[in-house]
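Visitor: I'm new to protein structures. Could you walk me through this one, one question at a time?

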Amino acid sequence: MYDRGLSVLEQYGLQARSSYRGRGALLSQTQAGLVIIREFAGSAEKLQKQQELLAQLEGCPHPVDQILANQEGGLVTTDKDGVPYVVSRWYEGRECDTRSWEDICRGTAALGTIHRSMRLETDPDHIQAPLEEEYEKHNRELRKIRKFIRAKRRHNPFEQCYLESVQWFLERGEEALEKLSSSSYGRLRKEALKRGEVCHGEYNQHNVLFCAGHKDLVAVTNFDRFRHDTQVADLYCFMRKILEKNGWSQDLAAKMIDCYDKACGLSQDQYENLKIRFLYPEKYWKLANHYYNHNKAWISEKNIEKITKLINSKKAWHDLGIGL
């Protein structure tokens, strides 16, 4: 229903003046400002850690979606039907425009700024697995998918594209793993965990809001996938999403790196790791993995277009990784 979850505002002493649907949530204008109401299916322990992280960012120039406590002091509130919800502060504004270099630079600088304050005592339950393990696993999966497709008697267009292209991408994956293994990544990761560095975990254009009525205010939202890791992982995530939509522009990549460096500082070890991450064919693996774990009897035209586009742009992508 449209107002599903709205009733929990009573337990916060809030009244809804208006409400509307957002991205998988309900937004409501109240006497205390705009809030967002989401169903909650996560860990209460991690939510408490998330609240601690957001508290670290209270004095940051970039507002964040602080989780509100209900009148009993709880972060999770159950409605009359027993459905748990979380209510957070929210902001009117527009998402980062992936075609606007000004937006992109401001979003990158915002990431660097919040990174300076994102520290928590390292919790073993929230540590990102080492990148070597991830690359080794993904390379194995690329081979397994190739073996699976080869064993089929007939191949659809997606499978044909995969068989014709996988060797080249797999070689790039092996090269990236080899470079990673001989790099300073082990030291970088160890130092990051020692300092309690925290990554946003999903820093992309959807989670960067340019606040309405406040020209210079950039809000950062949706920290629920936070984890302990070297923070260059966030920078890579944002850059990959943006650069893919901008033809893997080396000029834009250099601009983003410069913006982050000015806001936060990018060490030589971090820069080396960023370059290696761009040498791994992550998007190709994601497409292949999605194919393997979903209905293989019907392949959408969209996924065929995606893999075709990826293959056609492989030179620009690889040139970027080499040229950084």
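Guide: Let's begin with a term: two strands pair if DSSP finds at least two bridges between them. Helices (H or I, at least four residues) and strands (E, at least two) are DSSP runs, numbered from the N terminus. This is a predicted model, in which local features need pLDDT of at least 70, side-chain atom pairs count only at pLDDT 80 or more, and totals for chains, interfaces and linings use all residues. Residues are numbered from 1 along each chain as its sequence is written, and side-chain values use heavy atoms, with hydrogens and water left out.

Visitor: How many bridges join strand 4 to strand 5?
Guide: These strands run antiparallel. One bridge puts Thr-77 opposite Tyr-85 in strand 5. The number of bridges joining strand 4 to strand 5 is two.

Visitor: Which residue takes a positive phi in the hairpin of strand 4 and strand 5?
Guide: Five residues sit between the two strands of this hairpin. The one with a phi near 85° is Gly-82.

Visitor: What is the strand order in the open sheet of five strands?
Guide: Strand 2 (residues 26–30) and strand 3 (residues 33–39) pair antiparallel over five bridges, and one partner pair there is Leu-26 with Ile-37. Strand 3 also pairs with strand 5 (residues 84–89), again antiparallel and over five bridges, with Ile-36 facing Ser-88. Put the whole sheet together and the order is 1-2-3-5-4.

Visitor: Which strands are the edge strands?
Guide: Look for strands that pair on one side only. Those are strand 1 (16–21) and strand 4 (77–78).

Visitor: How many salt bridges does a search of the whole structure find?
Guide: Side chains of opposite charge can pair when their charged atoms come close. Here a salt bridge is a side-chain nitrogen of Lys or Arg within 4 Å of a carboxyl oxygen of Asp or Glu. Searching the whole structure that way gives 16.

Visitor: How far apart are the closest N and O atoms of Glu-244 and Arg-240?
Guide: Both residues lie in helix 6 (residues 232–244), and they are four residues apart, about one turn of the helix. The two form a salt bridge, with their closest N and O atoms separated by 3.8 Å.

Visitor: Is Arg-240 buried or exposed?
Guide: We go by relative accessible area: buried means under 20%, exposed over 50%, and partly exposed in between (1.4 Å probe, protein chains only). Glu-244 has 25%, so this residue is partly exposed. Arg-240 has just 5%, so the label is buried.

Visitor: Which helix holds Glu-282, another salt-bridge partner of Arg-240?
Guide: The closest N and O atoms of Glu-282 and Arg-240 are 3.6 Å apart. This pair links distant parts of the chain, 42 residues apart, with Arg-240 in helix 6 and Glu-282 in helix 9 (residues 282–292). At 16% relative accessibility, Glu-282 counts as buried. So the place of this buried residue is helix 9.

Visitor: Which residues are linked in a network of salt bridges with Arg-240?
Guide: We have already met two of them, Glu-244 and Glu-282. The full set linked with Arg-240 is Glu-244, Glu-282, Lys-283 and Lys-286.

Visitor: Is Lys-315 buried or exposed?
Guide: Lys-315 forms a salt bridge with Asp-319, and their closest N and O atoms are 2.7 Å apart. Both lie in helix 11 (residues 314–323), four residues apart. Asp-319 is partly exposed at 29%. Lys-315 has 58% relative accessibility, so this residue is exposed.

Visitor: Which residue in the loop between helix 6 and helix 7 (250–263) has a positive phi although it is not a glycine?
Guide: Most residues other than glycine have a negative phi, and most peptide bonds are trans. Asn-222 has a positive phi near 60°, but that residue is in the loop between strand 9 (218–220) and strand 10 (227–228). In the loop between helix 6 and helix 7, the residue with a phi of about 55° is Trp-248.

Visitor: Is Trp-248 buried or exposed?
Guide: Asn-222 has a relative accessible area of 15%, so that residue is buried. Trp-248 has 6% relative accessibility, so the answer is buried.
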